[in-house]
Amino acid sequence: MAAKDTVVIVLAAGKGTRLYSGVAKVLHRVGGRSLVEHVVRACQPLKAADTIVVVGFQADAVAAAVTPLGAKTIIQNPQRGTGHAVQSARRAIRRSAKFAVVVPGDAPLLRTETLSALIAAHRSGDAAATILSAQLPDPTGYGRIIRKNDGTVAAVVEESAASPEQRAITEVNSSIYCFTLDKLWPSLASLKPNNVHKELYLTDAIALLNERRERVLASIAPDPNEILGCNTRASLADADRIFRQRKAAALMDSGVTIYFPESAVVDAAVAVGRDTVIEPGVELLGNTKIGERCTIRTGSIITDSRLDDDVYVEPYSVVTESRLANNTRIGPFARLRPGADLREGARVGNFVEVKKSVLHEGAKAPHLTYLGDATIGAGANIGAGTITCNYDGVHKNQTVIGKRVFIGSDSALVAPVRIGDGAYVAAGSTITENVPADALAIARGRQINKPGWAAVRRAQIAKELKAGSKAKPRKKQKSKRPRASRKSSRRR
Ligand code: UD1
Ligand code: MG
């Protein structure tokens, strides 16, 4: 790896005009991480003396993305081109540095090994500059590498300035270079804004080095995808797709089964244990960690969550900032919102929403339920349609359900409320007071049966229909209620 005589300069001050965005280009995301974060992470293992990120447009936000990774930042203001960006970094470079690796902040697929190889090629090639180039079937948009007969590089020509012959060249500039600093500075000082944008192009330094009889080499990247620069939304989508293909491949290599891997959306930081199965159309996002032998079925989206081993996620479940212990099972169509904490063997079924709630060992809420700000004791059974009424319009209140409690279907638990261990709540109850342990709580209207009511009603309707078909249509007919009904309503 690179030694202490090398610094890394990341160019990340530009706006990214071609993205038509309110957000700086290098903060756009690929694989769930900002472009500049990908680049800085690829540089970290080089163990360079410093990693200096040149910031300008939305400088604070870009700095906030890279300083936690140990990078330093330097301001380029105004942003007058890639050559000017490197000039701006000069004041942050320590005197002991001999070499600089320059990388653009918009190349998220770059790998550490490729940078190491570039540095090695530069050192052994005894050059003033070594460019990482790539052979692209479609070189549109990139600067072209102009080689001399001896194979060294004469110049880099930007597409806008290239002749038709030069445009036909398929070897392109990646904007990733290794420079010998004392040879670079004089050429950089001679840059002129000789282009449509009136900027100082770093690429022009290559021809200037040649004028000074310095040697410039280009080393071709083994994988041309690595140099992809995200100038447009289309290239951003390409980089994201390629990144996720790589991620899925790496997971499969480590023992994860992924069906239709091209449909798996897995973010950079996600970890998955072996023998876990990921079905089509699954998204694993943010800082999600999944253990071994889990199954994540079709269409489920898991964000910033931790799943232990043997967890089964049925289709179309949405899990955010939640914790699922061993042998838990959720879905289909479960929604776990932040703070859902399912302990070993707990079960959350279809159309159940859980927020900031603990379901202790073996607790179950199999269907159509809302549990918010609740603690559900071990082995408790929450019937279909149960709602914790946690919000009184001002405060969020707690519902505490004891061990082995049975909540009958369609119950409303008006918080704050406690249901003691082993208690039963009758179906359809609205519970507003605490229920002692082992009690049965019933809180609903009593049932009344009205014998024969329906038969009387049907006979009456039939009679009315018969009379109506003989008589002329009347304007409005007073409806008569059946006798049984009137009688019983008086009784009430
Ligand atoms: C650049 C190269 C081009 C190469 C391509 C590879 C130049 C002139 N052209 O073009 O030869 O094929 O990269 O992707 O260098 N930046 C600053 N300050 C500035 C301007 C830019 O920090 O004043 C940063 C940007 O934020 C970006 C990087 O430099 O991260 C490269 O700039 P960009 O505008 O993307 O250059 P390209 O047009 O892609
Ligand atoms: Mg670019």
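Begin by selecting Lys396 and Tyr391 in this predicted model, where Lys396 lies over the face of Tyr391, at 5.3 Å from the ring centre. Next, select Arg329 together with Tyr312, and you will find a second charge placed over a ring, since Arg329 lies over the face of Tyr312 at 4.3 Å from the ring centre.

From charges over rings, the tour now turns to rings beside rings. A pair of aromatic rings is described by the distance of the centres and the angle of the planes. Searching the whole structure gives four aromatic pairs. To see one of them, select Tyr177 and Phe179, whose ring centres are 5.1 Å apart and whose planes meet at 25 degrees, so that this pair counts as stacked, the limit for stacking being under 30 degrees. Are these two residues buried or exposed? Tyr177 is buried, with a relative accessible area of 1%, and Phe179 is likewise buried, at 0% relative accessibility.

Now move to Phe333 and Phe351, where the ring centres lie 5.1 Å apart and the planes are at 5 degrees, so this pair is stacked as well. If you follow the chain between them, you will see that the pair links distant parts of it, 18 residues apart: Phe333 sits in the loop between strand S24 (329–330) and strand S25 (335–336), whereas Phe351 belongs to strand S27 (residues 347–355). Colouring by accessibility shows Phe333 as partly exposed, because its relative accessibility of 41% falls between the 20% limit for buried and the 50% limit for exposed.

Finally, keep Phe333 and Phe351 selected and add Tyr316, for these three residues form one aromatic cluster.

Methods: Residues are numbered from 1 along each chain as its sequence is written. Chains are lettered from A and ligands numbered from 1 in the order in which they are written. This is a predicted model: local features need pLDDT of at least 70, side-chain atom pairs count only at pLDDT 80 or more; totals for chains, interfaces and linings use all residues. Side-chain values use heavy atoms; hydrogens and water are left out. Rings of Phe, Tyr and Trp (its six-membered ring) pair if their centres lie within 6.5 Å; planes under 30 degrees apart count as stacked, over 60 as edge-to-face and the rest as tilted. Buried means under 20% relative accessible area, exposed over 50%, partly exposed in between (1.4 Å probe, protein chains only). Helices (H or I, at least four residues) and strands (E, at least two) are DSSP runs, numbered from the N terminus. A charge sits over a ring if NZ of Lys or CZ of Arg is within 6 Å of the ring centre and within 35 degrees of the ring normal.
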